[in-house]
Amino acid sequence: MSVRQAPRHTVLVTVLAALGFAALFIGFDSARPGGAPWLKSLADWIGLNPQADSTRSPFTPLGIAELPKDPDAPSITALPTLPSLDSTQLPFDLLSLEGQGGQGIHRAVRRAGVWFPVFSPGSNAANADPEKTDTTKVPLYITSPTPPITPPNQNLTYPFEAIGGTPPYRWRMVLGVEGFSINPSTGVLTGQHPEPTSLPLAIHVTDATGAEDSALYTLRISQTDPLTLTTTELPLGTIGTPYETTLTASGGTPPYTWSTETTLPEGFTLDPTSGLLSGLTATTGFDQEITLRVTDAVSQETTATLPFRIEAPFEITTPNNLLPAAPGAPYQITFTTEGGTAPFLWSLTEGNLPLDPQSTPWTLSPEGILSGQASLIDSTHRFTLEAQDATGITSRKTFTLPIRRSLIVLPSREKAGLAWHPREIAALIGSPARAYTVTRTLTPDGANPQVVYQGSGTNFVDHGLATTATYFYTLHAHPPSGPPIPIATTTATLRPFTTARGRPGQLADPHADAVKIFRPLSNGGHGSGFVPGNVTGPPDGTGTFAPASNPDHVLSLHARIGTPGANPDPFGGSITLAFEDNLIENGPGEDFTVFENVFFINGDPNQRFMEPAIVSVALFEDQWYRFPIDIVPPATTSSTNPTTDPFYYNRGFAGRNATTGSNPTDPQQSGGDSFDLSALKIPGLTWVRYIKIQSTGHNVLRDDFGGHPVQHPTSLGATTGTSSSGFDLDAITAIHY
Ligand SMILES: [Ca+2]
Ligand SMILES: [Ca+2]
Ligand SMILES: [Ca+2]
């Protein structure tokens, strides 16, 4: 079929070549090679003073009438209210709508997390092809995600659902075991099985006109005992003595397969079948953390990060996790050893030392004194130091040094998010705290403190605050005995909000504010010369047939073709964004939306060009949670490419829905792909401030539910690893902020 739609990738490559912008590599995790250690924040982008610290700078309250006018504001805030659209008015069968947004040719409704355009043929705009856009029908789609894992001998009842086509639907299935059946008219699968197993389950649905759709799932019968890595510590090894330990796991469905997420030290191996970790080092001791992964027979996996230490005749006694350096403050630490023969000679063997605000690296003296001034931006640094004693024996240790306050406070709209790190507080008070109290005052002298949190968690959101007010928060740790100890005080000043682009220090916005790391697959890609402005602020996409595509509107992350199970980093570029003037709270339902420039192939809204990405969130820079992904391929050979079907990327992906142009903070209007932090099932996680988006690449990742490889479209230069290949990020917007 010929491509009528402007072949955006070709056009964009030309534009880019003409502009010749270099990619930005932005420091956040300094241990990564190529990470230039500076951060271009929103303030740099729009020319405001980046030195301003929003939690400390003096602030003149602004009345609403005095708010600076933003040229972008009308496009977001002046949208007319959408007239209500009930299902009887829809041109096709879409019952139980989850939302509607857009106007005219861009009007769309949402069902099962996917937005479908709805418009009358008379309102066609130039971008839509009337011959391709049959507005009376949505094709028949099976929408359901993979059924849940079911224990042996326990009954499973799972309703499969479909939309589009012409009801009524008829259902059938193909499954290689007895004991299950599907109701042909309702699509409800029922049954049970006595043994743990993992089987392909093909589901077929036929509509009244004989049209058919199919989907291939994995039916998992497994103990619900969660897969657990039962090895909780690794034995201490010694230089010159062969090291051997066998890792253990329980739950899930054996047999288990073992692997590591981190590189093992030289001379060490992990047997994937037996879990035997073994090796020998002759002259170099080390003390580092390794991340171990166990996968069971039905592709569930779990990981654990454990200290791994080989003792030399002397050891480095400074703990791995260094106390945080406060932003902008001087920092000095003297590393210490025990045993061995003095003098010791210190050197950096891996990673990078932090940089001061002038981008000069901190210094490590040969005597083991690390000193410098902390940058103004929160960041985490990992590096490995080596000490060599007078006899030539060496000992290595990996350190983590965070730059941030011990009490994190992020102001938002009439609320503030607070968080602290128990490990650091334990280091400060000499033992784990049994509880924490946070107090709030309106003056720095601490008069009239109000207790706003008491418990054993690590984060909470303080509600009911006044815009333009400044609050002083103090964190108190409760040691095992004795009175609480004040640990840290931090202030927060609440700004008025706009849904357009904010102004640092004056006007906050619900959108991502800064790029922490940008790691494309090659330099000079589409939009790389416009980072961070093209991915901060509100979405530039203005409608379902009007995806953002200019380099100052979107940033391409790049994708390549790989092999399943490979490290995804060389095949899918990534970006990490920070929220600096608002938080993303885990509120009711969806919490944030990712906007990409999904477009319709040949103007046909039923054939989507989607470049998928996986999404992770964090509250602390070193603790990430990824949304689980579910791929649902067709069960039979399809006449169209499965990757043009939004229900192929069934759950957990960004990049499957177009932007409607309506209010980006309302997931029932905005289009894009919305995510609910509750889906991560992380106990006690009330808010986050970092989001990482990584292009999936083609054939690299497997999904979390059936192990299906994640396919990426390969046409239109989508997997060249350069220029505009891969996911094109437009914006990320908080819903609860
Ligand atoms: Ca913001
Ligand atoms: Ca939520
Ligand atoms: Ca944008």
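Select strand 43 (residues 613-618) together with strand 50: the two pair in the antiparallel sense through six bridges. The model is predicted. Within this pair, Ala 618 is opposite Tyr 690 of strand 50.

**Strand 50 and its surroundings**

Keep strand 50, residues 690-695, selected. Six of its six residues are buried, so the strand is largely enclosed by the rest of the structure. Colour the two faces separately. Tyr 690, Lys 692 and Gln 694 lie on one side, Ile 691, Ile 693 and Ser 695 lie on the other, and all of them are buried. Now add strand 38 (residues 574-578), which pairs with strand 50 in the antiparallel sense over five bridges. Ile 575 has Ile 693 in strand 50 as its bridge partner.

**The nonpolar cores**

Both members of that bridge come up again in the next selection. Val 535, Ile 575, Leu 577 and Ile 693 are the residues with the most contacts inside the largest nonpolar core, a set of 107 residues. In soluble globular proteins, nonpolar side chains tend to be buried together.

Centre the view on Leu 577. Leaving out residues up to four places away in sequence, Leu 577 touches Ala 512, Ala 514, Val 515, Lys 516, Val 535, Ile 691 and Ile 732. Apart from this core there is a second, separate one of 13 residues, and Ile 316, Ala 325, Phe 335 and Ile 403 are among them.

**The sheet 37-51-40-48**

Next, select strands 37, 51, 40 and 48, which form an open sheet of four strands in that order, with antiparallel pairing. Strand 37 (555-556) and strand 48 (673-675) are the edge strands, each pairing on one side only. Inside the sheet, strand 40 (residues 592-596) and strand 51 (residues 728-734) are joined antiparallel by five bridges. Look there for Thr 593, which stands opposite Thr 733 in strand 51.

From strand 48, step back into the loop that lies between it and strand 47 (653-654), and pick Asn 663. Is Asn 663 buried or exposed? It is partly exposed, having 18 other C-beta atoms within 10 Å. Show Pro 538 as well: the C-alpha atoms of Asn 663 and Pro 538 are 9.6 Å apart in space, although the two residues are 125 apart in sequence.

**The sheet 32-31-34-35**

Move to another open sheet of four strands, ordered 32-31-34-35 and also paired antiparallel. Strand 32 (450-455) and strand 35 (485-493) are at its edges with a single partner strand each, so one side of each has no neighbour in the sheet. From one strand to the next the twist averages 20°. Strand 31 (residues 435-441) and strand 32 run antiparallel and are joined by five bridges. To see one of these contacts, select Thr 439, whose bridge partner in strand 32 is Val 451.

**The whole chain**

Zoom out and colour by pLDDT. The mean for the protein chain is 84, and 85% of its residues reach 70 or more. Residues 1-83 have pLDDT below 50, and this stretch has 154 contacts in the model beyond near neighbours in sequence. Where pLDDT is low, the predicted coordinates should not be read in detail.

A secondary-structure view of the protein chain shows four helices and 51 strands. Of its 737 residues, 45% are buried. Among contacts between residues at least 6 apart in sequence, 69% join residues at least 24 apart.

Note on methods: Residues numbered from 1 in each chain as written. Chains lettered and ligands numbered in written order. Predicted model: local features only at pLDDT ≥ 70, side-chain atom pairs only at ≥ 80, totals over all residues. Pairing = 2+ DSSP bridges. Axes fitted to C-alpha atoms, helices over the stretch in contact; angles between N-to-C directions. Buried ≥ 20, exposed ≤ 12 C-beta atoms within 10 Å, placed from the backbone. Contact = placed C-beta atoms within 7 Å. Core = buried A, V, L, I, M, F, W, Y, C linked by C-beta atoms within 7 Å. pLDDT = per-residue confidence, 0-100.
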